Amino acid sequence: MSRILIAGASGALGQKIVGEALARGHQVVAFGRDSARLAANLPDRVEARIGDALVPATLVGVLDGCEAVISCLGASVSPSLRAGRPGYLAIDLPANRTLADAAKLAGVARFVYVSVAGHDQQGAAELAYYRAHEQVVEHLDAIGLEHAIVRPTGFFSALAQYVTMARTGAVPMIGDGTARSNPIADADLARVCVEALDGPARDRSVGGPDVLSRREMIELAFAAVGRPAKIRSVSPGVFRFAGRMMGLFIPRMGELLPFVIHVSTRDVIAPIAGELRLVDAFQRVAKS
């Protein structure tokens with residue numbers, strides 16, 4: 001049993017990681033900026049510590065007594081304009097770099113970081129979303145903090161927006177929809193993250209049991225809400241132009257859309273590390 005600090009604990013994935021860590025007998029410290037949000041989303045037996053990883057001074061004492069960190073800290077990947085303006089290079093990179101420095105100073109034994117699969121594909125290094133995550137990995141190497149990197153192909157909670165869109169109208173699809181991936185359930189990803197606390201440190205890409213095209217994912221969303229599929233194929237160039245224009249005013253969208261284009265037009269498939277299926281997850285979302 002260890003005391004684990006979980007950064008990003010109030011998010012969809014973070015809550016699953018908290019639950020998995022507790023189920024395995026670990027003591028959990030939830031780290032975040034918003035005490036009310038932490039209290040609303042987490043069990044009473046979880047200790048909350050408040051701070052802002054973008055403000056190093058607020059991390060003083062946050063890691064006291066913690067033997068490990070699991071970080072899924074980062075800006076939202078929601079395409080909603082209300083999700084926030086700063087991009088991933090302005091949020092994910094400095095926040096996790098600062099948290100890693102504090103962990104090193106506190107004598108933390110291992111830092112588990114949730115990154116993203118497909119980082120080694122051609123063109124990925126040019127994208128801000130990938131760069132933000134890879135520079136965190138590089139920083140962990142540079143400061144000599146033992147770490148494990150978990151790279152999901154994508155996780156179910158981020159794809160739930162397909163169900164939301166399918167309820168109300170057509171769902172846009174970038175390109176011809178033939179690019180394939182095997183996204184992983186948040187609960188399965190949480191298990192991988194907690195398991196990464198032990199054993200040899202490694203860099204691991206992970207996915208779910210079903211390899212699906214983007215078109216098939218969207219069709220599953222329509223089936224979940226009981227509506228015929230209404231899919232609008234949009235040229236990658238249109239999304240690319242939209243990303244450039246929106247990026248002038250909302251940096252996050254300027255960084256998110258090129259990443260979405262990349263993963264929507266290339267296969268991103270990783271070794272199977274999960275058992276739960278996207279079709280079941282979409283049906284649960286549709287009923288909620």
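**Helix 7, nonpolar cores and a helix pair**

In this predicted model, the cover over the buried residues of helix 7 includes helix 1 (12-23), strand 4 (68-71), strand 5, strand 6 (147-152), helix 5 (156-159) and strand 9 (203-206). The buried residues of helix 7 are Asp186, Asp188, Leu189, Ala190, Val192, Cys193 and Val194. Helix 7 spans residues 186-195, and seven of its 10 residues are buried, so this helix is largely enclosed by the rest of the structure.

The largest nonpolar core comprises 44 residues, of which Leu5, Leu63, Val69, Phe111 and Leu140 touch the most other members. Two or more residues each are given to this core by strand 1 (3-7), strand 2 (27-32), helix 3 (92-105), strand 5 (110-114), helix 4 (128-143) and helix 10 (251-264). Once neighbours within four places in sequence are set aside, Leu63 is in contact with Leu5, Arg49, Val69, Leu99, Ala102, Ala103, Ala106 and Val108. Another core, of 30 residues, lies apart from the largest one; Ala148, Ala190, Ala196 and Leu197 are among its members.

Helix 4 and helix 10, which both give residues to the largest core, pack with their axes 7 Å apart and at an angle of about 95 degrees. Because angles of 65 to 115 degrees count as roughly perpendicular, helix 4 is roughly perpendicular to helix 10. On the helix 4 side, the residues in contact are Ala128, Tyr129 and Tyr130, which meet Glu255, Phe259, His262 and Val263 of helix 10. Classified by residue type, this contact has five nonpolar, one polar and one charged residues.

Terms used. Residues are numbered from 1 along each chain as its sequence is written. This is a predicted model: local features need pLDDT of at least 70, side-chain atom pairs count only at pLDDT 80 or more; totals for chains, interfaces and linings use all residues. Side-chain values use heavy atoms; hydrogens and water are left out. A nonpolar core is a set of buried Ala, Val, Leu, Ile, Met, Phe, Trp, Tyr and Cys residues joined through side-chain atoms within 4.5 Å. Buried means under 20% relative accessible area, exposed over 50%, partly exposed in between (1.4 Å probe, protein chains only). Helices (H or I, at least four residues) and strands (E, at least two) are DSSP runs, numbered from the N terminus. Contact means heavy atoms within 4.5 Å. Axes are lines fitted to C-alpha atoms, for helices over the stretch in contact, and angles run from 0 to 180 degrees between N-to-C directions. Angles under 35 degrees count as roughly parallel, over 145 as roughly antiparallel, 65 to 115 as roughly perpendicular and the rest as oblique. Ala, Val, Leu, Ile, Met, Phe, Trp, Tyr, Cys and Pro count as nonpolar, Asp, Glu, Lys and Arg as charged, and the others, Gly among them, as polar.
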